[in-house]
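This report describes the fold, the aromatic contacts and the buried elements of one protein chain. Please keep the sequence and the model in view while reading.

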Amino acid sequence: MSKTAPAKRIGRRKRRKKLSDKKRFSVLDSPGKEAGETRLKVMLFSHICGGRFITGAEKYLSMLAKEISPQAECTLVVPEDGMLKREAMADGIRTVIEPFSLLWSIYHPDGELERTEASILAEGKHAMLIQLLQQYRPDIVIVNTCVNALPAMAAKALGIPVVWLINEIIQDHAAAPQSVHFINRYADFIVGVSNHSLFMFRGIVPDEKLLLHPPSNPVCEENSLPWVRTNEELKKRFGFPDHKHLIGYISAGMQKEKGLEHFLLMAFKLCAEQRDLCFLCIASPAGDADYEQYCRKLVEQSEYRDRFRMLGFQPDIESIYPLIDVLVVPSLIDEGFGMIALEALLFGKKTVAYRSGGLAEVLTAVGQESMLVDKGDIGGLASKVIEGLHSESAAVDVDRVKQSFGTEAYRVRLGSFMSMLRLLAAKAVMHKTADRIRPLKPGRLYRGHLTPSAYLLELGTKRPFASPEAFRLCGFSLSDVVVVSEPRLFAYPVGSAIRNDHLSYPPLGRVIRKGNGKRKGRKNRKGKQVYKGKPAQRYKTRKRLLKKSV
């Protein structure tokens with residue numbers, strides 16, 4: 001049976017009203033994109049920000065942010081002030097300080113990771129990071145190192161794609177697969193600095209979700225060091241004794257795992273054999289204070305102590321590499337990559353290292369596999385140092401190093417990295433569109449179910465309050481705030497802050513409608529009023545109308 005003409009007209013009116021309401025309350029099609037924006041908004045989270053030193057993982061993140069900043073709007077988040085923050089600011093990258101804890105049980109598996117994860121979610125320990133993401137609304141979140149879990153969990157709660165940078169090798173343990181599954185659960189893409197760092201993920205994580213992206217260091221490139229001092233200036237600065245060759249050890253921190261003790265024992269062995277050697281140890285005091293004291297005592301009690309220089313972290317470390325004849329990297333743990341070794345090789349310095357994870361991968365890739373020694377072989381370190389000093393076959397082919405790990409090679413790989421970021425952002429937009437997030441009603445106060453900050457939804461934006469005093473003086477109360485899911489709130493960009501000096505909206509009574517007063521009835525198809533009151537009220541109304549008609 002076909003519809004009548006009046007019924008068709010009513011149907012058209014309903015569809016038009018539904019469409020107009022949808023336009024009125026629509027959210028942005030692309031969360032993270034404000035009007036007129038075309039560049040990706042990328043937020044990068046560093047696990048640490050050392051005040052007196054900078055690690056290889058921090059250098060990796062710093063270069064990544066600097067290289068992608070011409071193509072993306074980058075914001076670097078650090079847990080505290082430090083060298084990485086100052087370096088990023090010098091490169092023109094916006095930085096934010098937001099303290100958060102690290103999840104070390106990912107790197108040191110203990111079988112308690114699932115319980116720890118449940119505790120974080122139940123107690124909302126990542127709530128302040130969610131609030132930070134609500135404010136900046138990035139398209140992509142990049143987290144650095146495997147222990148940097150809370151930013152990834154916060155981003156996942158809002159549906160923001162996560163790229164997880166793996167700079168280390170998760171320690172071998174029966175519970176290690178838990179760490180891999182955890183990272184896989186919260187990451188949309190996993191980027192490793194070496195094949196060794198990705199080895200544990202292969203077979204568990206799909207290959208299309210993994211990307212190999214080794215680092216580089218542009219300051220090591222030729223003609224990029226205008227501040228490098230002459231050898232004589234540096235020798236005078238550090239008070240080196242007369243010597244023919246300088247053997248170096250460099251580490252970000254004084255840690256037993258980095259093998260300083262092995263370097264010293266090797267050095268004592270060489271001192272007994274050759275008198276023309278001097279040894280330089282550069283390491284930040286950050287780490288194990290007892291171990292640092294033990295190593296210093298080894299040197300002080302040695303008859304060769306005049307041939308050693310023990311220095312703290314050097315911010316201009318690139319100016320010291322030209323002094324060194326051979327660099328030794330005796331790491332006792334499997335390194336994810338080995339940034340110190342790469343820097344030395346880019347300077348053409350012969351590098352001797354233990355066969356430790358990514359270190360072996362780096363030296364093998366540039367034809368220096370012969371300079372690798374099995375872990376713990378101190379005698380092997382000594383013999384390789386002598387070989388590096390006197391054998392022409394041990395010379396470093398700098399061009400080959402640059403072809404594998406130079407700046408240009410890095411930028412070629414960066415093209416694939418950026419394509420991956422854009423694809424993730426586009427998929428996230430499609431996913432949110434398919435989800436059809438229910439829009440919020442304008443002119444009301446909202447906050448997320450995990451975050452404390454309240455916003456006034458106005459003109460398609462969520463406006464924060466400049467202070468609790470501004471919230472109070474504007475006439476609002478906590479009972480006016482509607483709690484919604486974090487993704488619904490995330491869909492709206494942040495508007496201008498509401499201050500207590502002026503109001504740009506009607507008074508509270510007209511902003512938040514309580515629903516008091518009589519409700520208007522709706523009309524049926526014949527145009528008659530249909531009342532929605534209680535049965536008793538409808539009966540009284542009919543009785544009153546009958547009396548009037550009489």
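A residue is called buried if its relative accessible area is under 20%, exposed if over 50%, and partly exposed in between, with a 1.4 Å probe and protein chains only. The model is a predicted one, in which local features need pLDDT of at least 70, side-chain atom pairs count only at pLDDT 80 or more, and totals for chains, interfaces and linings use all residues. Residues are numbered from 1 along each chain as its sequence is written, and side-chain values use heavy atoms, with hydrogens and water left out.

**Overall composition**

The protein has 20 helices and 19 strands; helices (H or I, at least four residues) and strands (E, at least two) are DSSP runs numbered from the N terminus. Of its 550 residues, 50% count as buried. The exposed surface of the protein is about 28000 Å², and carbon and sulfur atoms supply 52% of it; these accessible areas come from the Shrake-Rupley method with a 1.4 Å probe, and for residues only the protein chains shown count as cover. Contact means heavy atoms within 4.5 Å. Among contacts between residues at least 6 apart in sequence, 70% join residues at least 24 apart.

**The seven-stranded sheet**

Two strands pair if DSSP finds at least two bridges between them. An open sheet of seven strands follows the order β3-β2-β1-β4-β5-β6-β7, and its pairing is parallel. Its edge strands, β3 and β7 (210-212), each pair on one side only. On average, neighbouring strands of this sheet are turned by 20° against each other, direction ignored. Within it, β1 and strand β4 (residues 140-144) run parallel and are joined by four bridges; Leu 44 has Ile 142 in β4 as its bridge partner.

Two helices lie across this sheet. Their angles run from 0 to 180 degrees between N-to-C directions, with axes taken as lines fitted to C-alpha atoms, for helices over the stretch in contact. Helix α5 (residues 127-136) lies across β1, β2 (72-78), β3 and β4, and runs at about 155° to β1. Helix α6 (residues 149-158) lies across β1, β4 and β5 (162-166), and runs at about 165° to β5.

**Aromatic pairs and charges over rings**

Rings of Phe, Tyr and Trp (its six-membered ring) pair if their centres lie within 6.5 Å; planes under 30 degrees apart count as stacked, over 60 as edge-to-face and the rest as tilted. The structure holds 13 aromatic pairs, including the two tabulated here.

| Pair | Centre to centre | Angle between planes | Class |
|---|---|---|---|
| Phe 45 and Phe 100 | 6.2 Å | 70° | edge-to-face |
| Phe 182 and Tyr 186 | 4.9 Å | 45° | tilted |

The pair of Phe 45 and Phe 100 links distant parts of the chain: Phe 45 belongs to strand β1 (residues 40-45), whereas Phe 100 is in the loop between β3 (94-97) and α4 (113-123), 55 residues apart. Phe 45 is buried at a relative accessible area of 0%, and Phe 100 counts as buried at 13%.

How far apart in helix α7 are Phe 182 and Tyr 186? They are four residues apart in this helix (residues 176-186), and therefore separated by about one helical turn. Phe 182 is buried, with a relative accessible area of 0%, and Tyr 186 is buried with 8%.

Ring pairs also link Tyr 249, Phe 263, Phe 268, Phe 279 and Phe 308 into a cluster.

A charge sits over a ring if NZ of Lys or CZ of Arg is within 6 Å of the ring centre and within 35 degrees of the ring normal. Arg 137 lies over the face of Phe 490, at 5.4 Å from the ring centre. Lys 462 lies over the face of Tyr 455, at 5.9 Å from the ring centre.

**Backbone with positive phi**

Most residues other than glycine have a negative phi. Arg 137, placed in the loop between α5 and β4, has a positive phi near 50° and is buried, with a relative accessible area of 0%. Leu 459, in the loop between β15 (455-458) and β16 (461-464), has a positive phi near 55°, but is exposed, with a relative accessible area of 80%.

**An enclosed helix**

Eight of the eight residues of helix α12 (residues 339-346) are buried, so this helix is largely enclosed by the rest of the structure. Among the buried residues are Met 339, Glu 343 and Leu 346. The buried residues of α12 pack against α2 (56-68), β8 (245-251), β11 (326-329), β12 (350-354), α13 (358-365) and α15 (398-405). Just after α12, Gly 348 takes a positive phi of about 80°.
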